[in-house]
Structure formats: C-alpha cells, structure tokens
Amino acid sequence: MSKNIILLSLVFIAVFTLALHVEAVTYYWYYAADNQTFWMGTGSSGPTSLTQKTNPGYYARGLTVASDGTIYMATETSNGRIIKSTDKGASWTTVGYSGYYPRGIVANKQGVLFVAQENAEVKKSVDGGASWTNAANLGRTPRGITADSN
C-alpha cells in the first residue's frame, strides 16, 4: 500500500511542540506538552480530540516526523537526548545522539535528521539517529530548525 506523506513541523517555544504526519487521507497530529506528556489526535484541519499516549518522561525541545512515520523528539535533559517512536507515540527508544543540548530537530523528506544545538552547532544523521556527524556551525544559538519541503 503506498502512502502519501506530508510533513509539517511547528515549534512553539516553552509552551508545546506540534508535528503533523499525513497517511493517505488521515492527518495525525502529535503534541508534546510542557508537562512531559505526549498526545496524538486526528483531523484534517486540526485534531478533533487528543488522546494521551505513553509519557516519554522528558520535556520536548523539538518534534519531527520522518517520511516513514517515525516520530523523533529532541528532549531537555542534562546533555540532551533524542528519542524516537515507531508506533505513533505508544513507546519510545533512545537513539545514538551524543551531542550538546538540542534546541530543535527536523527530518527532511529524504529522512536525514538535523539537530540544532545550544552551542550553535548542527548535527546530522543519515541512519535514523544511530550515528551523528557535524553539519554546520551557525555562530549563534538557534531557536529551532526547519527543512525546506522541496
């Protein structure tokens, strides 16, 4: 079964993080609240209702959905941590990120992950977060990160 997937990632600083993932005609809305809870809803123009999923136990600093439907969350921990869910937020696992405190995360349409760090560096992963390399130094602390949809 082929899936048409559109990715939209919005970051709202210090309040919540929201990402959208579309499969065929179902719009999945993911919401990470500032009280360490994670929610999912469906609806074409916004979630009609939200269902609380497994609590990942971390504050979200960024949230993105890869083209294969995997949800990635940049978290607020002592040195930062990236976690992922392959079952729409029912469970979470830690990926191999060992960078500095993340300010945001994004997956481009080819599935490459980018993390903006508080120390102004951008890390890149081409293998679903198993390994990371330096991609850029911005020279300033970023507020977040986004990718062109083209």
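Ser85 is a good place to start: with a relative accessible area of 0%, Ser85 is buried. Keep in mind as you explore that this is a predicted model. The chain has 13 strands and zero helices, and 41% of its 150 residues count as buried. Let's begin with Ser85 and then move out to the rest of the chain.

**Ser85 and its surroundings**

- You will find Ser85 in strand 8, which covers residues 81-85.
- The side chain of Ser85 reaches the backbone nitrogen of Gly89 at 2.8 Å.
- A polar atom of that side chain also lies 2.9 Å from the backbone oxygen of Ser91.
- Which residues is Ser85 in contact with, leaving aside its neighbours within four places in sequence? They are Gly69, Thr70, Ile71, Ala90, Ser91 and Trp92.
- Two of these names lead to the next topic: Gly69 is in the turn between strand 6 and strand 7, while Ile71 belongs to strand 7, which spans residues 71-76.

**The hairpin of strands 6 and 7**

- Strand 6 and strand 7 form a hairpin, with five residues between them.
- The two strands run antiparallel and are joined by six bridges.
- To trace the pairing in the 3D view, try Tyr59, whose bridge partner in strand 7 is Glu76.
- In the turn, Gly69 has a positive phi of about 95°.
- Strand 6 (residues 59-65) is mostly covered, as five of its seven residues are buried.

**Two residues with positive phi that are not glycine**

- Lys88 is not a glycine, yet its phi is positive, at about 60°.
- Lys88 sits in the loop between strand 8 and strand 9.
- Is Lys88 buried or exposed? The result falls in between: Lys88 is partly exposed, with a relative accessible area of 24%, because the buried class ends under 20% and the exposed class begins over 50%.
- Ala120 is another residue other than glycine with a positive phi, in this case near 80°.
- The loop that holds Ala120 lies between strand 11 (113-117) and strand 12.
- Ala120 has 6% relative accessibility, so Ala120 counts as buried.

**Ala120 and Gly139**

- The C-alpha atoms of Ala120 and Gly139 are separated by 5.6 Å, although these residues are 19 residues apart along the chain.
- Gly139 has its place in the segment after strand 13.
- While Ala120 is buried, Gly139 is exposed, with a relative accessible area of 63%.

**The sheet of strands 10 to 13**

- Four strands make an open sheet in the order 10-11-12-13, with antiparallel pairing.
- Which strands are at the edges of this sheet? Strand 10 and strand 13 are the edge strands, since each pairs on one side only.
- On average, neighbouring strands of this sheet are turned by 25° against each other, with direction ignored.
- Strand 10 and strand 11 pair over five bridges in the antiparallel sense.
- For a residue pair to look up here, take Gly104, whose bridge partner in strand 11 is Ala116.

**An aromatic pair**

- How many aromatic pairs does a search of the whole structure find? The search finds one.
- This pair is formed by Tyr97 and Trp132, whose ring centres are 5.4 Å apart.
- Why is the pair called edge-to-face? The ring planes stand at 85°, and an angle over 60 degrees counts as edge-to-face.
- Tyr97 lies in the loop between strand 9 (93-94) and strand 10 (102-107), and Trp132 in the loop between strand 12 (121-125) and strand 13 (133-137), so the pair ties together parts that are 35 residues apart in sequence.
- Both residues are covered: Tyr97 counts as buried at 9% relative accessibility, and Trp132 is buried with a relative accessible area of 15%.

**The chain as a whole**

- Read from the N terminus on, the elements of the chain are β-β-β-β-β-β-β-β-β-β-β-β-β.
- Among contacts between residues at least 6 apart in sequence, 31% join residues at least 24 apart.
- The chain exposes about 7,800 Å², and carbon and sulfur atoms supply 48% of this area.

Methods: Residues numbered from 1 in each chain as written. Predicted model: local features only at pLDDT ≥ 70, side-chain atom pairs only at ≥ 80, totals over all residues. Heavy atoms only, no water. Phe/Tyr/Trp six-rings, centres within 6.5 Å; stacked < 30°, edge-to-face > 60°. Buried < 20%, exposed > 50% of the residue type's maximum accessible area, 1.4 Å probe, protein only. Pairing = 2+ DSSP bridges. Contact = heavy atoms within 4.5 Å. Areas by Shrake-Rupley, 256 points an atom, 1.4 Å probe, with all protein chains shown as cover. Axes fitted to C-alpha atoms, helices over the stretch in contact; angles between N-to-C directions. Polar contact = N/O pair within 3.5 Å; in protein donor to acceptor, adjacent residues only side chain to side chain.
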